[in-house]
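Welcome, and please open your viewer with the cartoon view switched on. We will go from the whole chain to single side chains, one selection at a time.

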Amino acid sequence: MRLLILAAALVATQVLAANLNMRPGLWDLNVSVTTDGKTTNLADQISAAMAKMPLEQKKKAQEMLGGSSMMKGTPACISKEMLDPETFAKKQSSEKCPATFKTRTATEIKASFKCADGAKGEMHWKIPNPETINGQVEMESAKGKKTKIESQGKWLSADCGKVRPFGGQ
């Protein structure tokens, strides 16, 4: 479950960054995941996981997140390079899980995906202004387990500080 949530957050930031009317930099993402009728918040999941980590591992995780205790959600760094359509296409083009874009404008993106393992889903993102994002991903695993991921994001700063961009950009 944790891996699914983290993977969804990664896909979300890459989908959102693609040729959209967004500012690069540090974003505060509030991501909730509903599976089997149970809703969890990504930031709460990360906090719970970190509470169980040994001190050294916890320090490394806090460094990676940039010491983001002042945020409501999860920090995400979206680099200028991630906003480039070519970079995005390379990251999203996967033989295991290709995405088909239905709408791709500066303020909205809709896509569906079907993975080699049988998982499938739909994504819908809206960008009402360069500092706000809202999105939803609905997916079904190969075994029929349904998951809904809802995300809201707010741009915080052009400087990501210690938070590293997803994908090492």
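Helices and strands here are DSSP runs, numbered from the N terminus; a helix is H or I with at least four residues, and a strand is E with at least two. What you have open is a predicted model.

**Whole chain.** Colour by secondary structure and follow the protein chain from its N terminus: the elements run α-β-β-α-α-β-α-β-β-β-β-β. That comes to 4 helices and 8 strands. Now switch on the surface: the protein chain exposes about 9,700 Å², with carbon and sulfur atoms supplying 52% of it. Of the 169 residues in the protein chain, 39% are buried. If you draw the contacts between residues at least 6 apart in sequence, 59% of them join residues at least 24 apart.

**The core.** Next, hide the surface and select Met22 and Val137. These two have the most contacts inside the largest nonpolar core, a set of 23 residues. To see where the core comes from, highlight S1, S3 (74-78), S5 (108-114), S6 (120-129), S7 (132-140) and S8 (146-157), since each of these strands supplies at least two of its residues. Which strand gives the most to this core? It is S1, with 4 residues.

Keep Val137 selected and show what surrounds it. Beyond its neighbours within four places in sequence, Val137 is in contact with Phe113, Glu122, Met123, Trp125, Thr147, Lys148 and Ile149.

**Along strand S1.** Now click on Val33, which has its place in strand S1. Is Val33 buried or exposed? Its relative accessibility is 1%, so Val33 counts as buried, the cut-off being under 20%. Add Gln136 and draw a C-alpha to C-alpha distance: Val33 and Gln136 are 9.8 Å apart in space, although 103 residues separate them in sequence.

**The loop after S1.** Move on to Asp36, in the loop between strand S1 (25-35) and strand S2 (38-41). Check its backbone: Asp36 has a positive phi of about 50°, although it is not a glycine. Asp36 has 63% relative accessibility and therefore counts as exposed, for which the cut-off is over 50%.

**Charges and rings.** For the last stop, show Arg23 and Trp155 as sticks. Arg23 lies over the face of Trp155, at 3.6 Å from the ring centre. Then select Arg104 and Phe101: the charged end of Arg104 sits over the ring of Phe101, 5.0 Å from its centre. How many aromatic pairs does the structure hold? The count is 0.

Notes: Residues are numbered from 1 along each chain as its sequence is written. This is a predicted model: local features need pLDDT of at least 70, side-chain atom pairs count only at pLDDT 80 or more; totals for chains, interfaces and linings use all residues. Side-chain values use heavy atoms; hydrogens and water are left out. Rings of Phe, Tyr and Trp (its six-membered ring) pair if their centres lie within 6.5 Å; planes under 30 degrees apart count as stacked, over 60 as edge-to-face and the rest as tilted. A charge sits over a ring if NZ of Lys or CZ of Arg is within 6 Å of the ring centre and within 35 degrees of the ring normal. Buried means under 20% relative accessible area, exposed over 50%, partly exposed in between (1.4 Å probe, protein chains only). A nonpolar core is a set of buried Ala, Val, Leu, Ile, Met, Phe, Trp, Tyr and Cys residues joined through side-chain atoms within 4.5 Å. Contact means heavy atoms within 4.5 Å. Accessible areas come from the Shrake-Rupley method with a 1.4 Å probe; for residues, only the protein chains shown count as cover.
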